[in-house]
Amino acid sequence: MNLLIKPGWILIVEPGVQNIVGNKEYGEYFALFNFSFLLNILLDFGITNFNNKNIAQNNQLLSKHFSGLFVLKLSLALLYLIATIVMGLIMGYDVRYTKLLLILSFNQFLISMILYLRSNLLGLHFFITDSVISVLDRFIMILFCGLILWTSISDIKMDIMVFVYTQTFSYLITAVIAFLIVLKKTQHFKFSWNWPFSLMIMKKSFPFAILILLMTFYNRLDAVMIERILPRENLADVTLLKSAEKHPEKFVNETQKKELIAANERESKSGAFQAGVYAKAFRLLDAANMIAYLFSLQLLPVFSRMLKYRESVEALVKLSFTLIITPAIVVAAGSFFYSRELSMLINKSDESQVVFSLLMCCFVSISTTYIFGTLLTANGNLRQLNQMALLGICINLSLNLILIPKYAALGAAISSLTTQSITALIQVVLASGIFKFRLNLRLIVTLFLFASGVILFNLISHRLADSPQFKNSSYFWVLCFAGMCLASVIWAFVVKLISVKSFLRFVKYS
């Protein structure tokens, strides 16, 4: 369900919206959307991760804790909304930005509530029910946005505010349904404030809260910094470009044409426009991350339960790592070599292809983090993870301040790739040291052979797709890309990186 629905939202609906509203307007939305994430921890305070682990190890606590945690979440939501708006005003956001930020912040509250409700289902190992809830919001959004974008049933014209309101409606419906499902699993529910209980939970979840806060900052700062660091649009240029769009017949002489070219060039270097370029490049990475994230959500309660009963996790770590790193390498390499073709397919333009090729290389590091970071979280190694995340913020901030003024969105992509690679390596080293994992030279050699083969398949297939006799074909590259993916999968079995038995073993663990 996730493979069918979530990529459809990210790869079809969102690009459709961005193509209608333009890079600048979508870039403003994308920057504010990421900004609304920065204080997201105030919404959750680590409660979701704590609850997932706690319910997985002690199912009977659901009825005892659900009422208190639900009321606590509502109280934290009010604190989050106030803090985010105040922080936005400090950042210099005007009335228009603040209005959009307020709605996006409310959406973040709904997302956080859905994740908390899902953590109860995951803790109880109701994976199928959780999967349905995980795609319900996107399904509703696709339905309504699709009606507005591609049919004449509605007279509503798509703009950013309509786009955001559609999200609000979808999240609200999903949250209500998820609440009713969890409510059926509890023995009682009482809507009341319990200060001692809330204080106890916040104290226990505080390390989770710090970790989420730090990791959110180094994962979400890029778009915010692009929009704030780079120059803002020139109102005279905006007026000129809008006038030229409405009355092109008035701009025919050489002087006027040169003015338009200069205005277009200045706008393309503005913070909002470059944030839009970054959003286009980030889109496929976001789609891939959703699948890897869902994989880690399944692992957290499994790791927690195994560690509680002192079972060895080494075999499961190796198994889950190979299962996720295999497609990650294929996706990253394929996106790097086919960056222009994929950018044109998804975004109808190739302006973000270089940024896209670098960002997609992050997927290997992010996938690694989802395995080893989940294991360390389940084991309670939050102090080490917080230190790692703090280092990640320092690296990300420093590189963004240096690279964004010079390279714009490309600079942010370089910063992201560097930060993700370093933090993933640190987590592998931490987990290996804490759990005394043996150095698996055979796995390292196998990964190297597999990655080399995937790169070779990409070189051959892309050269064939770019050959003179096929270069003008609109779809031949798709066959070459599919051939590369098929060859990579076969190669993974040949080098024994994955096997049918490994899939069956993972199902058994889950």
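Colleague: How many salt bridges does the count come to?
Modeller: The count comes to ten salt bridges. Keep in mind that this is a predicted model.

Colleague: What makes Lys280 and Glu351 a salt bridge?
Modeller: A side-chain nitrogen of Lys has to come within 4 Å of a carboxyl oxygen of Glu. For Lys280 and Glu351 the N to O value is 2.7 Å, so the pair passes the cut-off. Lys280 sits in helix 12 (residues 271-308) and Glu351 in the loop between helix 14 and helix 15 (353-378), so the pair ties together parts 71 residues apart in sequence.

Colleague: Why could such side chains pair at all?
Modeller: Opposite charges can pair up when the charged atoms come close.

Colleague: Is Lys280 buried or exposed, and how do you know?
Modeller: Buried means under 20% relative accessible area. Lys280 has 6%, so it counts as buried. Its partner Glu351 has 37%, which lies between 20% and 50%, so Glu351 is partly exposed.

Colleague: And Asp137 with Arg138, what makes that a salt bridge?
Modeller: Same kind of check: the closest N and O atoms are 3.6 Å apart, and the limit is within 4 Å, so the pair qualifies. Asp137 has 8% relative accessibility, so Asp137 is buried. Arg138 has 14%, under the 20% cut-off, so Arg138 is buried too.

Colleague: Why is Arg340 with Asp466 called a salt bridge?
Modeller: Their closest N and O atoms are 3.7 Å apart, so they fall within 4 Å. This pair links distant parts of the chain, with Arg340 in helix 14 and Asp466 in the loop between helix 18 and helix 19, 126 residues apart. Salt bridges that share partners also join Lys24, Glu28 and Arg96 into one network.

Colleague: Which class does Arg340 fall into, buried, partly exposed or exposed?
Modeller: Arg340 has 34% relative accessibility, so it is partly exposed. Asp466, with 30%, is partly exposed as well.

Colleague: Let's move to helix 19. How do you know what span is expected?
Modeller: Take 1.5 Å times one less than the number of residues. Helix 19 (residues 476-494) has 19 residues, and its end-to-end C-alpha reach of 27 Å is close to the expected 27 Å.

Colleague: Where do the buried residues of helix 19 lie around its axis?
Modeller: The buried ones include Phe476, Trp477, Cys480 and Met484. They fall within an arc of 155° seen down the axis, so they line one face of the helix. Leu479 and Leu486, on the other side, are exposed. Cover for the buried residues includes helix 13 (314-337), helix 14 (339-347) and helix 18 (441-465).

Colleague: What makes helix 13 mostly covered?
Modeller: Of its 24 residues, 17 are buried. Its span agrees with expectation too, because its end C-alpha atoms are 34 Å apart and 24 residues should span 34 Å.

Colleague: Which residues form the nonpolar patch on the surface?
Modeller: Leu143, Phe144, Leu147, Ile153, Phe169, Ile173 and Ile177, with about 600 Å² of accessible area together. Helix 7 (127-150) and helix 8 (160-185) each supply at least two of the patch residues.

Colleague: Why can Leu143 belong to a patch?
Modeller: A patch residue needs over 30% relative accessible area. Leu143, in helix 7, has 46%, so it clears that bar and counts as partly exposed.

Note on methods:
Residues are numbered from 1 along each chain as its sequence is written. This is a predicted model: local features need pLDDT of at least 70, side-chain atom pairs count only at pLDDT 80 or more; totals for chains, interfaces and linings use all residues. Side-chain values use heavy atoms; hydrogens and water are left out. Helices (H or I, at least four residues) and strands (E, at least two) are DSSP runs, numbered from the N terminus. Buried means under 20% relative accessible area, exposed over 50%, partly exposed in between (1.4 Å probe, protein chains only). The arc is that of the directions from the helix axis to the C-beta atoms. Contact means heavy atoms within 4.5 Å. Patches are made of residues with over 30% relative accessible area and no salt bridge: like charges are joined within 9 Å, nonpolar side chains (Val, Leu, Ile, Met, Phe, Trp, Tyr) within 5 Å. Accessible areas come from the Shrake-Rupley method with a 1.4 Å probe; for residues, only the protein chains shown count as cover.
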